Amino acid sequence: MKFGETFMEYLHGEQESFLDKFSHVEYKRLKKVLKSCRTCRSLHGSCVADEQEDENSDALSQLCQYESCPLCDKMFFSELMKEASDIAGCFSSGVRHLLQLHIATGMQRYVLLLRQCFKNDKQTIADEGRMLIDYVTMNAIAIRKILKKYDKVHSSVNGRDFKRKMQAEHIELLQSPWLIELAAFYLNLNESDEDSYEISCQFSCDLRTNEPVMTLNLPDSMKLEYNLTCSICLDILFSPHALSCGHLFCKSCACSAASVMIFEGLKTASPETKCPICREAGVYSNAVEMLELGLLLKRRCRDYWKERLIAERAEMLKQSKDYWDSQTKYVTGY
């Protein structure tokens with residue numbers, strides 16, 4: 001079965017009521033845009049004809065490698081960028097809402113515990129998480145395939161360049177920190193519950209190697225690996241935070257790199273402050289606290305976590321004391 005048919009079956013299948021609340025890639029419409037471009041089609045056809053006449057012709061590549069098509073580019077890339085942005089937003093808000101139910105605190109936690117006496121909320125949350133993973137995976141595959149088709153039709157690399165643009169705009173779906181949080185959520189759910197959830201077998205977290213990694217096995221033979229080592233302290237992430245560029249760091253390490261104190265938090269960093277890895281500026285204001293990933297690492301590395309917690313608290317107290325001492329000297333003059 002072709003992917004277009006598979007994607008339409010997914011959109012109108014058992015998850016249709018769930019998907020009504022979310023944006024998705026207009027795969028069929030984007031394919032029609034490519035098909036309706038007569039200039040592109042005729043040029044592509046002439047390239048194929050020339051190739052059949054002379055497979056060894058060096059001039060063929062020069063003939064086919066035109067860079068863009070105004071009709072396709074105007075409708076195709078602008079629409080796809082908007083759809084990818086909407087999907088990334090829907091996915092992050094959906095995961096955020098789901099995780100709030102799982103790691104609720106205070107009165108909300110007591111209400112959820114009371115509800116569990118009458119309703120299996122854990123199973124409901126697990127099912128919703130599975131649908132979110134299907135949602136982001138199917139749309140990521142759709143974007144990948146339509147961009148590949150664009151490059152094939154136009155004999156260009158514009159589709160590949162568009163992928164890099166999506167990464168620069170932080171809307172590359174499979175690089176979202178919320179996907180890591182969702183995988184950690186399932187691993188936590190599986191460890192804290194007697195019931196085993198089928199989808200959790202797609203995720204694994206190996207902390208015994210020199211480079212601790214989380215592995216995600218997704219549909220269409222996609223395998224994603226996320227390194228869980230902080231690039232600053234070169235140790236397993238502690239109190240992990242993801243900058244908006246997608247790179248993961250310990251909170252204390254990121255604060256040190258941003259020249260802010262731990263108790264102030266990453267959001268107080270200057271807009272000019274750059275990521276220590278990619279050197280992109282302005283990535284601290286929307287940093288994501290990876291609560292589920294932190295919980296997973298805390299459970300699996302208890303001694304290490306306890307040691308780091310003691311050290312970080314001592315550092316916070318020192319920073320707080322130094323800060324208030326300096327403020328007192330500034331106000332009193334001595």
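Which side chain meets that of D325 in a salt bridge? The partner is K321, with N and O 3.1 Å apart, as set out in the first legend below.

This is a predicted model, in which local features need pLDDT of at least 70 and side-chain atom pairs count only at pLDDT 80 or more, whereas totals for chains, interfaces and linings use all residues. Residues are numbered from 1 along each chain as its sequence is written, and side-chain values use heavy atoms, with hydrogens and water left out.

**View 1. The salt bridge between D325 and K321 in helix 13.** A salt bridge is taken here as a side-chain nitrogen of Lys or Arg within 4 Å of a carboxyl oxygen of Asp or Glu. D325 and K321 are four residues apart in helix 13 (residues 302-332), a separation of about one helical turn; helices (H or I, at least four residues) and strands (E, at least two) are DSSP runs, numbered from the N terminus. Relative accessible area is 35% for D325, which is partly exposed, and 54% for K321, which counts as exposed, where buried means under 20%, exposed over 50% and partly exposed in between (1.4 Å probe, protein chains only). Elsewhere, E26, R29 and E79 are joined into one network by salt bridges that share partners, and the count of salt bridges by this rule comes to eight.

**View 2. Salt bridges of D86 and D206.** In helix 6 (residues 70-102), D86 and K82 lie four residues apart, about one turn of the helix, and their side chains meet in a salt bridge at 3.1 Å, N to O. D86 is partly exposed at 29% relative accessibility, while K82 is exposed at 54%. D206 forms a salt bridge with R208, where the closest N and O atoms are 3.5 Å apart; D206 is partly exposed, with a relative accessible area of 25%, and R208 is exposed, with 78%.

**View 3. The buried face of helix 1.** The buried residues of helix 1 (residues 3-11) are F3, G4, F7, Y10 and L11. Seen down the helix axis, these buried residues fall within an arc of 125°, so they line one face of helix 1, the arc being that of the directions from the helix axis to the C-beta atoms.

**View 4. The largest pocket and its lining.** About 760 Å³ of space lies in the largest pocket, and of the 33 residues that line this pocket, the closest to its centre are Q175, P177, S244, C245 and G246. On a 1 Å grid over the protein atoms alone, a pocket is an open set of points where a 1.4 Å probe fits, with protein on both sides within 12 Å along at least five of seven lines, and lining residues have an atom within 4 Å of a point. Helix 6 gives the most to the lining, with six residues, and helix 9 (158-168), helix 10 (177-192) and strand 3 (222-227) are among the elements that each supply at least two.

**View 5. Cysteines C245 and C250.** The count of disulfides, pairs of cysteine sulfur atoms within 2.5 Å, comes to zero. C245 is in no disulfide, and the nearest cysteine sulfur, that of C275, is 3.6 Å away; C245 counts as buried, at 17% relative accessibility. C250 is likewise in no disulfide, with the nearest cysteine sulfur, that of C233, 3.7 Å away, and C250 counts as buried at 0% relative accessibility.

How values were computed. Grid points are joined across faces, edges and corners, and a volume is the space filled by probe spheres set on the points.
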